[in-house]
Amino acid sequence: MRPVLANLGFILQTNGLLMAIPIIIAFYFNESHALDSFFLTAVVSLTAGFLLNALCERKELDFRYSCMLLTIAYFLIGLVGCIPYVYLNIFASPDPVSRFTDGYFESISGFTTTGFSLITDVDVLPRSILLYRSMTQWIGGIGIIFILLAFFYPSEEITQFMKTVGIERIGRSLKTLLALILFVYTLYLIIFAPALYFTSISDPVKAVSLVFSSLTTGGFSPLKDISKLADYQVGLITGILMVAGAVNFSTHYWVLNRQYRRAFTKEFRLFLAIIIAGAIAIYWLTGLDPYTALWHTISASTTTGFQFIDLARLGVNAKLVFIVLMLIGGCTFSTAGGVKVLRLIIFLKAIPWLVKRAVSKKVEPLKLEGVPMADVDVLFSLMIPVLALALLSISAPIFFLNGYSFVDSLFEVTSAFATAGLSVGIVSIFMPLGLKWLLIILMVLGRIEAVPLLIALGLRVRK
């Protein structure tokens, strides 16, 4: 356990250093109370990180310890990240338990890139808090924990761990991969934040925050007037960013290297086909205008969770379409949540393959893009959708027993597990505490994709 704690200390130190950004913003806008909360968060994160590093010896992590670190990190970084919300009592919670729960819910929602929010009026928030909310999505969405693991522990077992959580090796060097990821997402920020600023959003902090939320498929909206998302210029920019955040990072890599055929993989083509089919279905079922139907389909398929219409007023069939879109989610090795399109492909291919294998022993390995897959990779790809359906089948009845319709209950728990953030109105400050904690668990399990948790709890995986 000590190697896990030591490496957890490094993650906390990194998080503490990143707090310098909201500290600078709070100082610039003279937001003294917010400044105090960020200083406290930075001190707690850095102190805890240094103590864990000092008291525990850093060693290479094996497969199981890596999964354990991943699971603990999200819960713990969410705990540290809730300090500003709790310190400022953003939600005006009536008692300490509610105050902590609401703050932790908002923090976990950010770091898991879900985008559920208990805040009803963002305009009353300090600008530094708005940026901080979106920044938590950047930290969790780009997968800093995944990259840190791969960057510092490039062993064979970590390679298997990367496959389990959907991270690919691109090129020879993991350091180059890390630098390239940061470069690409920073480039998007530099291009699209000014574009938003000079079109419809005159507040630079809100423009940057909206880019953060779109590109990380997080969905925290910095806008009180959500009807601005219906503006065609804002919609086009956010739509591009949502898709960019939800496609496999290898697509960006191959486009930058002008290898366009390699960029348009089967997963990418199917992802676009799902968006088009979903938009047609939503348009046909609801009668919404084509732009609204397409934009909300993109928001659901990329698991971003932006919305400017009341989804509760939609019919049951339209809600079911959104549930399917969120559950499938975006592409592997992206900021999107859900089961992922590639795993859907493997799942559909594996069914006839397993039938043939049960009948005959002379069956070739399952192939993906012409490359044979190891049995353990097929197993993990099958486990994720099965575990997702199992968790949803357990969670939805709990909401149903609390007085909500079954379809609405299924919609909300699917949105949490897929880290989508779309809501039919159940998620609010008035939601029972027990349901808030259930959604917190689902959001974390959806971000880490459940399998690492099973391994962390003791599931033995042989080479």
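**Exercise 1. Where in the chain is the place of Ser423, in terms of helix H20 and H21?** Then work out its surroundings in this predicted model.

*Solution.*
- Step 1: Ser423 sits in the loop that runs between helix H20 (406-417) and H21.
- Step 2: Look at accessibility. The cut-off for buried is under 20%, and Ser423 has a relative accessibility of 13%, so it counts as buried.
- Step 3: List the partners. With neighbours within four places in sequence left aside, Ser423 is in contact with Phe116, Gln307, Leu311, Phe411 and Glu412.
- Step 4: Try a pair that is distant along the chain. Ser423 and Ser117 are 306 residues apart in sequence, and their C-alpha atoms are separated by 9.9 Å.

**Exercise 2. Describe the second largest pocket by volume, lining and residue class.**

*Solution.*
- Step 1: The volume of the second largest pocket is about 710 Å³.
- Step 2: Its lining consists of 31 residues, and those nearest the centre are Gly115, Ser117, Ile119, Ile226 and Gln307.
- Step 3: Sorted by class, the lining holds 16 nonpolar, 11 polar and four charged residues.
- Step 4: Link this to Exercise 1. Gln307 is among the residues nearest the pocket centre, and Gln307 is also a contact of Ser423.

**Exercise 3. Check the length of H21 and H7, then decide how covered each helix is.**

*Solution.*
- Step 1: H21 covers residues 433-448, which is 16 residues. From first C-alpha to last it reaches 23 Å, close to the 22 Å expected at 1.5 Å a residue.
- Step 2: Repeat for H7 (residues 127-141). Its 15 residues should span 21 Å at 1.5 Å a residue, and the end C-alpha atoms are 21 Å apart, so the two values agree.
- Step 3: Turn to burial. In H21, 12 of the 16 residues are buried, so the helix is largely enclosed by the rest of the structure. Among the buried ones are Leu435, Lys436, Leu439, Arg447 and Ile448.
- Step 4: H7 is mostly covered too, with 14 of its 15 residues buried.
- Step 5: See what comes after H21. Glu449 follows, with a positive phi near 70°.

**Exercise 4. Ile448 belongs to H21; find how it relates to Thr71.**

*Solution.*
- Step 1: Thr71 lies in helix H4 (residues 63-81).
- Step 2: Its relative accessibility is 7%, so Thr71 counts as buried.
- Step 3: Thr71 and Ile448 are 377 residues apart in sequence, yet 6.9 Å apart in space, C-alpha to C-alpha.
- Step 4: Put the pair in context. Of the chain's contacts between residues at least 6 apart in sequence, 74% join residues at least 24 apart.

**Exercise 5. Which residues of the largest nonpolar core touch the most other members?**

*Solution.*
- Step 1: The largest nonpolar core has 125 residues, and Phe105, Phe322 and Leu439 touch the most other members.
- Step 2: Take Phe322 in detail. Beyond four places in sequence, its contacts include Ile282, His296, Leu311, Phe411 and Leu422.
- Step 3: There is also a separate second core of 14 residues, including Val4, Leu12, Met68 and Ile139.

**Exercise 6. Examine Thr113 and Lys340, two residues that are not glycine, for backbone angle and burial.**

*Solution.*
- Step 1: Thr113 has a positive phi of about 60°, and Lys340 has one of about 90°.
- Step 2: Thr113 is in the loop between helix H6 (96-111) and H7, while Lys340 is in the loop between helix H17 (316-328) and helix H18 (341-359).
- Step 3: Thr113 counts as buried at 0% relative accessibility. Lys340, at 4%, counts as buried as well.

How values were computed:
Residues numbered from 1 in each chain as written. Predicted model: local features only at pLDDT ≥ 70, side-chain atom pairs only at ≥ 80, totals over all residues. Heavy atoms only, no water. 1 Å grid on protein atoms, 1.4 Å probe; cavity = no way out; pocket = protein on both sides within 12 Å on 5 of 7 lines; lining within 4 Å. Points joined across faces, edges and corners; volume = space filled by probe spheres on them. Nonpolar A, V, L, I, M, F, W, Y, C, P; charged D, E, K, R; others polar. Helix = DSSP H or I, 4+ residues; strand = E, 2+ residues; numbered from the N terminus. Expected span 1.5 Å × (residues − 1). Buried < 20%, exposed > 50% of the residue type's maximum accessible area, 1.4 Å probe, protein only. Core = buried A, V, L, I, M, F, W, Y, C linked by side-chain atoms within 4.5 Å. Contact = heavy atoms within 4.5 Å.
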